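Trainee: I would like to learn how to read a protein structure one feature at a time. Could you take me through an example, please?

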Amino acid sequence: AKEIKSKLGVLLQKPENAIDLIIPYPEKPEKKPEKLHKPTPEEAAQWRESLDRVLTNSYGLTAFRSFLQSEFSDENIEFWMACEDFKKAKNPVKMAAKAKKIYEDFIQSEGPREV
């Protein structure tokens with residue numbers, strides 16, 4: 001309860017920097033990170049078929065995210081992941097909150113991770 005109160009208290013304060021508003025999107029308590037298994041050459045070759053194949057593979061997603069970070073454009077994958085998370089939401093209240101967060105972070109002009 002103290003942790004939630006602390007997080008909510010942060011929202012009531014006016015941030016000096018927009019980056020302070022960035023909050024992760026987990027709907028459930030975070031799981032331990034998946035252990036990355038290097039794909040076989042055949043699996044990696046399938047990545048040429050579609051971006052979805054890369055993004056649905058934990059190793060591929062990690063590699064792609066690393067590439068985007070090196071190009072200073074990792075907000076693109078974060079936007080995609082937030083949208084994918086939104087599509088899984090069933091509760092209308094959570095959907096509205098996620099939609100607002102996506103808009104504020106990624107779509108709104110001068111958003112902290114504007115795409």
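Mentor: We shall go through the overall make-up, then one helix, then some salt bridges. This is a predicted model, in which local features need pLDDT of at least 70, side-chain atom pairs count only at pLDDT 80 or more, and totals for chains, interfaces and linings use all residues. Residues are numbered from 1 along each chain as its sequence is written, and side-chain values use heavy atoms, with hydrogens and water left out.

Trainee: How many helices and strands does the protein chain have?

Mentor: Helices (H or I, at least four residues) and strands (E, at least two) are DSSP runs, numbered from the N terminus. By that reading, the protein chain has six helices and zero strands, and the pattern along the sequence is α-α-α-α-α-α.

Trainee: What share of the residues is buried?

Mentor: A residue is called buried under 20% relative accessible area, exposed over 50%, and partly exposed in between (1.4 Å probe, protein chains only). Of the 115 residues in the protein chain, 18% are buried.

Trainee: Which residues of α4 are buried, and where do they pack?

Mentor: Helix α4 covers residues 58-70, and its 13 residues reach 18 Å from the first C-alpha to the last, close to the 18 Å expected at 1.5 Å a residue; the expected span is 1.5 Å times one less than the number of residues. Its buried residues are Gly-60, Leu-61 and Leu-68. They cover an arc of only 95° around the axis, which puts them on the same side of α4; the arc is that of the directions from the helix axis to the C-beta atoms. These buried residues pack against α3 (51-55) and α5 (75-88), where contact means heavy atoms within 4.5 Å.

Trainee: What is found at the N-terminal end of α4, and what follows the helix?

Mentor: Asn-57 caps the N-terminal end, with a side-chain oxygen 2.9 Å from the backbone nitrogen of Tyr-59. After α4 comes Phe-72, whose phi is positive, near 55°.

Trainee: How many salt bridges are there, and how should I recognise one?

Mentor: A salt bridge is a side-chain nitrogen of Lys or Arg within 4 Å of a carboxyl oxygen of Asp or Glu, and by this rule the count comes to seven. One of them joins Lys-87 and Glu-84, whose closest N and O atoms are 2.9 Å apart.

Trainee: Why can two residues within one helix pair up like that?

Mentor: An α-helix has 3.6 residues a turn, so residues three or four places apart point the same way. Lys-87 and Glu-84 are three residues apart in helix α5, and are therefore separated by about one helical turn. Lys-87 is exposed, with a relative accessible area of 57%, whereas Glu-84, at 24%, counts as partly exposed.

Trainee: Which salt bridge ties α5 to α6?

Mentor: Asp-85 and Lys-98 meet through their side chains in a salt bridge (2.5 Å, N to O). Asp-85 lies in helix α5 and Lys-98 in helix α6, so the pair ties together parts that are 13 residues apart in sequence. Asp-85 counts as buried at 18% relative accessibility, and Lys-98 counts as buried at 9%.

Trainee: Which residues are joined into one network by salt bridges?

Mentor: Begin with Asp-105 and Arg-113, which form a salt bridge with their closest N and O atoms 2.9 Å apart. Asp-105 is buried, with a relative accessible area of 2%, and Arg-113 is buried at 15%. Salt bridges that share partners join Lys-101, Asp-105 and Arg-113 into one network.

Notes: Polar contact = N/O pair within 3.5 Å; in protein donor to acceptor, adjacent residues only side chain to side chain.
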